Amino acid sequence: TKLFNILFTRALASRLQTQGSAVTVNSLHPGVIRTGFGKDYQGFFQTLVSIGGPLLASPRRGAQTMIYLASSPEVAEVSGAYFIRRKQARTRALGRSDEQANRLWSLSEELCHDYLPEPHG
């Protein structure tokens, strides 16, 4: 799903730029966050979550990159990029593929077609 987020954001950034929009979009990895996920599980997984939980970042820390991207003038004109810990990161080759980004966009349109309103001209 992270790869899909990266590719979809890449495709959206390209479309916004083509339309002359000043809106920017970026994807990010917030880190491994202590969200309470798994707290209702039992057995081995619950033990794993209990032991590992204190090692995970707080939700506040996980939000730092999102807040940075939404508010920092340093990235006001950066679009279609991927960020980790408030820094632009290089993805693997597949995550930089415009062809795959456009393919995912087309597939998303196809899958969502019946649920979306008709575009206004």
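A residue is called buried when its relative accessible area is under 20%, exposed when that value is over 50%, and partly exposed in between. With that in hand, let's work through some exercises on this predicted model.

**Exercise 1. Classify Ala76 as buried, partly exposed or exposed, and place it in the chain.**

Step 1: Begin with the location. Ala76 sits in the loop that links α3 (59-71) to β2 (82-84).

Step 2: Now take the accessibility. The relative accessible area of Ala76 is 44%, so this residue is partly exposed.

Step 3: Add a distance to complete the picture. Gly38 lies 38 residues from Ala76 in sequence, and their C-alpha atoms are 36 Å apart.

**Exercise 2. Do the same for Gly95, then find which residues it touches.**

Step 1: Gly95 belongs to the loop between β3 (87-89) and α4.

Step 2: The relative accessibility of Gly95 is 5%, and therefore Gly95 counts as buried.

Step 3: Leaving out residues up to four places away in sequence, Gly95 touches Leu3, Ile6, Leu7 and Arg10.

Step 4: A C-alpha distance fits in here too: Gly95 and Lys2 are 93 residues apart along the chain, yet 9.4 Å separates their C-alpha atoms.

**Exercise 3. Describe how α1 and α4 pack.**

Step 1: Decide what to report. Two packed helices are described by the angle between their axes and the distance between those axes.

Step 2: Helix α1 covers residues 2-18 and helix α4 covers residues 98-112; their axes are 8 Å apart, at an angle of about 90°.

Step 3: Angles of 65 to 115 degrees count as roughly perpendicular, so α1 and α4 are roughly perpendicular to each other.

Step 4: List the residues that meet. From α1 come Phe4, Leu7, Phe8, Arg10, Ala11, Leu12 and Arg15, and from α4 come Asp98, Gln100, Ala101, Asn102, Leu104, Trp105 and Ser108.

Step 5: Sort this contact by residue type: 8 are nonpolar, 3 polar and 3 charged.

**Exercise 4. Decide whether the protein chain is a compact globule or more spread out.**

Step 1: Start with the elements. The protein chain has 4 helices and 3 strands, in the order α-β-α-α-β-β-α along the sequence.

Step 2: For 121 residues the globule rule gives 14 Å, and the radius of gyration is 18 Å, well over that value, so the protein chain is more spread out than a compact globule.

Step 3: Look at the box as well. Along the principal axes, the C-alpha atoms fill roughly 55 × 40 × 30 Å.

Step 4: Finish with burial and surface. Of the 121 residues, 26% count as buried. The protein chain exposes about 9,400 Å², with carbon and sulfur atoms supplying 55% of it.

Notes. Residues numbered from 1 in each chain as written. Predicted model: local features only at pLDDT ≥ 70, side-chain atom pairs only at ≥ 80, totals over all residues. Heavy atoms only, no water. Axes fitted to C-alpha atoms, helices over the stretch in contact; angles between N-to-C directions. Helix = DSSP H or I, 4+ residues; strand = E, 2+ residues; numbered from the N terminus. Parallel < 35°, antiparallel > 145°, perpendicular 65-115°, else oblique. Contact = heavy atoms within 4.5 Å. Nonpolar A, V, L, I, M, F, W, Y, C, P; charged D, E, K, R; others polar. Rg over C-alpha atoms; globule rule 2.2 N^0.38 Å. Buried < 20%, exposed > 50% of the residue type's maximum accessible area, 1.4 Å probe, protein only. Areas by Shrake-Rupley, 256 points an atom, 1.4 Å probe, with all protein chains shown as cover.
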